[in-house]
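Q: I am new to this structure and would like a close look at one part of it, the way its helices pack together. Could you walk me through that part and show me how the rest connects to it?

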Amino acid sequence: MLFPSIYQKKALFLSMAMSLVLFGCSQTTPSAQVEPDTQSTTAAETAKTTSKEDSTLKNLQAAYNGESNAHLMYLAYAKKAEEEGYKGAASLFKAAARAEEIHRDNHAKVIKEMGGTPENNLKTPEVKSTKENLENAVKGETYERQEMYPEFIKEAEKEGKKDAVETFTYASDAEAQHAQLYKQALEDMDNWKVSKDLYVCPVSGATTITDKQNNCATTDGTKKPLEKVS
Ligand SMILES: [Fe+2]
Ligand SMILES: [Fe+2]
C-alpha cells in the first residue's frame with residue numbers, strides 16, 4: 001500500500017505543476033503580445049494624423065494668441081502715450097490695436113471653420129516709456145512680418161488651406177505697415193505729439209495714415225469703408 005500512495009502523490013504533484021505551467025502560459029503570453037502591438041499602432045496612427053492635419057491649425061492658434069495679446073498691449077501703450085503727451089503716437093497704438101483685433105477675429109473664424117476652438121493665454125502687458133514701447137513694438141512687428149507669418153503662409157499653402165493663407169497674409173501685410181509707422185514715430189517723436197488720424201481696413205487690418213488705401217476689399221471684390229482712428 002505504501003508504493004501506490006507515493007506514486008499517487010508524485011502524480012498529483014506533477015499534474016499540479018503542469019497545470020501551473022499551462023495556466024501561466026495561457027495568462028502571460030497572449031497579453032504580453034497583444035498590448036504593446038495595439039498601443040504602438042494606435043500611438044503611431046495618432047502621431048501621423050496630428051502632424052499631417054494639425055500644423056496649420058496649431059499655427060492659427062499661435063497667431064490667434066499673439067494677436068490677442070498684441071491687441072491688449074497696444075491699448076496699454078496708447079494709454080501711456082496719452083499720459084506722456086504723445087497724442088499722435090497714442091492714435092497709432094489705438095489703430096494698431098484695432099488691426100490686431102481684426103487679425104485675431106479673422107484667425108478665430110478660420111480656426112472654427114477647421115473644427116477647432118480658438119484658445120488664447122492673455123497676459124498683462126509690460127508698459128515702459130513711449131519710446132521703449134515703440135521700440136518693443138517694432139521688434140514684435142518685424143518678427144511677425146519677417147519670420148512668423150512667412151513660415152505659417154508657406155505651411156498653409158503646402159496643405160492647401162486657402163482661408164488660412166488669406167488670414168495670415170492680411171496680418172503679415174498689416175504688420176509691415178505697423179513696423180514702418182512705429183519706426184517713423186521713433187525717428188521723430190516730437191511730430192507724434194500732434195494729434196493724427198489713422199485709417200484701418202476692417203477686412204484685413206491694413207493700417208495707413210491716409211484714407212487713400214485701396215486694398216480694403218472683401219474676397220468678392222466689394223469695398224468696405226475704412227475705420228478712422230484718432
Ligand atoms: Fe496683427
Ligand atoms: Fe501689428
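A: Happily! Please keep in mind from the start that this is a predicted model. Read from one end of the sequence to the other, the pattern is α-α-α-α-α-β-β-β, which comes to 5 helices and 3 strands. Buried residues account for 33% of the 230 residues. Among contacts between residues at least 6 apart in sequence, 73% link residues at least 24 apart.

Let us begin with helix H2, which covers residues 55-83. With 29 residues at 1.5 Å a residue, H2 should span 42 Å, and its end C-alpha atoms are indeed 42 Å apart, so the expected and computed spans agree. After H2 comes glycine 85, which has a positive phi, near 85°.

Next along our path is helix H3, residues 87-113. H3 has 27 residues, and the distance from its first C-alpha to its last is 39 Å, close to the 39 Å expected at 1.5 Å a residue. How much of H3 is buried? The count is 21 of its 27 residues, so H3 is largely enclosed by the rest of the structure. Just after H3 there is another glycine to look at: glycine 115, with a positive phi of about 90°.

Now for the packing itself. Two packed helices are described by the angle between their axes and the distance between those axes. For H2 and H3, the angle is about 160° and the axes are 8 Å apart. An angle over 145 degrees counts as roughly antiparallel, and H2 and H3 are therefore roughly antiparallel to each other. Their crossing is left-handed.

H2 also pairs with helix H4, residues 130-158. Here the axes come within 11 Å and cross at roughly 165°. That makes H2 and H4 roughly antiparallel too, and H2 passes H4 in a left-handed crossing. If you would like to find this pairing in the 3D view, look on the H2 side for residues including Ser55, Asn59, Ala63, Ala70 and Tyr77. On the H4 side, the residues they meet include Thr130, Ala137, Gly140, Phe152 and Ala156.

H4 has a further partner in helix H5, residues 162-187. The axes of H4 and H5 come within 8 Å, crossing at roughly 160°. H4 and H5 are therefore roughly antiparallel to each other, and this crossing is left-handed.

What lies among these helices? In soluble globular proteins, nonpolar side chains tend to be buried together. In this model, the largest nonpolar core has 46 residues, and those with the most contacts inside it are Tyr74, Ala89, Leu92, Phe93 and Phe168. The elements that give two or more residues to this core are H2, H3, H4, H5 and strand E1 (198-200). Of these, H3 gives the most, with 12 residues.

Phenylalanine 168 is a good residue to zoom in on. Leaving out residues up to four places away in sequence, phenylalanine 168 touches Ala63, Tyr149, Phe152, Ile153 and Ala156. Some of these names should be familiar: Ala63 of H2 and Phe152 and Ala156 of H4 also take part in the meeting of those two helices.

Let us now turn to residues that are not buried. Lysine 158 lies in H4. Lysine 158 has 11 other C-beta atoms within 10 Å and is exposed; 12 or fewer is the cut-off for that label. Although lysine 158 and threonine 56 are 102 residues apart in sequence, their C-alpha atoms are 9.7 Å apart in space.

Lysine 123 sits in the loop between H3 and H4. With 11 C-beta neighbours inside 10 Å, lysine 123 counts as exposed. From lysine 123 to serine 68, 55 residues away along the chain, the C-alpha distance is 9.4 Å.

Finally, we can visit the strands. Glutamate 227 belongs to strand E3, residues 227-229. Is glutamate 227 exposed or only partly exposed? With 16 other C-beta atoms within 10 Å, glutamate 227 is partly exposed. Beyond its neighbours within four places in sequence, glutamate 227 is in contact with Arg98, Tyr199, Val200 and Pro202. The C-alpha atoms of glutamate 227 and aspartate 211, 16 residues apart along the chain, are separated by 9.1 Å.

Technical notes: Residues numbered from 1 in each chain as written. Chains lettered and ligands numbered in written order. Predicted model: local features only at pLDDT ≥ 70, side-chain atom pairs only at ≥ 80, totals over all residues. Helix = DSSP H or I, 4+ residues; strand = E, 2+ residues; numbered from the N terminus. Buried ≥ 20, exposed ≤ 12 C-beta atoms within 10 Å, placed from the backbone. Contact = placed C-beta atoms within 7 Å. Expected span 1.5 Å × (residues − 1). Core = buried A, V, L, I, M, F, W, Y, C linked by C-beta atoms within 7 Å. Axes fitted to C-alpha atoms, helices over the stretch in contact; angles between N-to-C directions. Parallel < 35°, antiparallel > 145°, perpendicular 65-115°, else oblique. Left-handed = near helix turned anticlockwise from the far one by under 90°.
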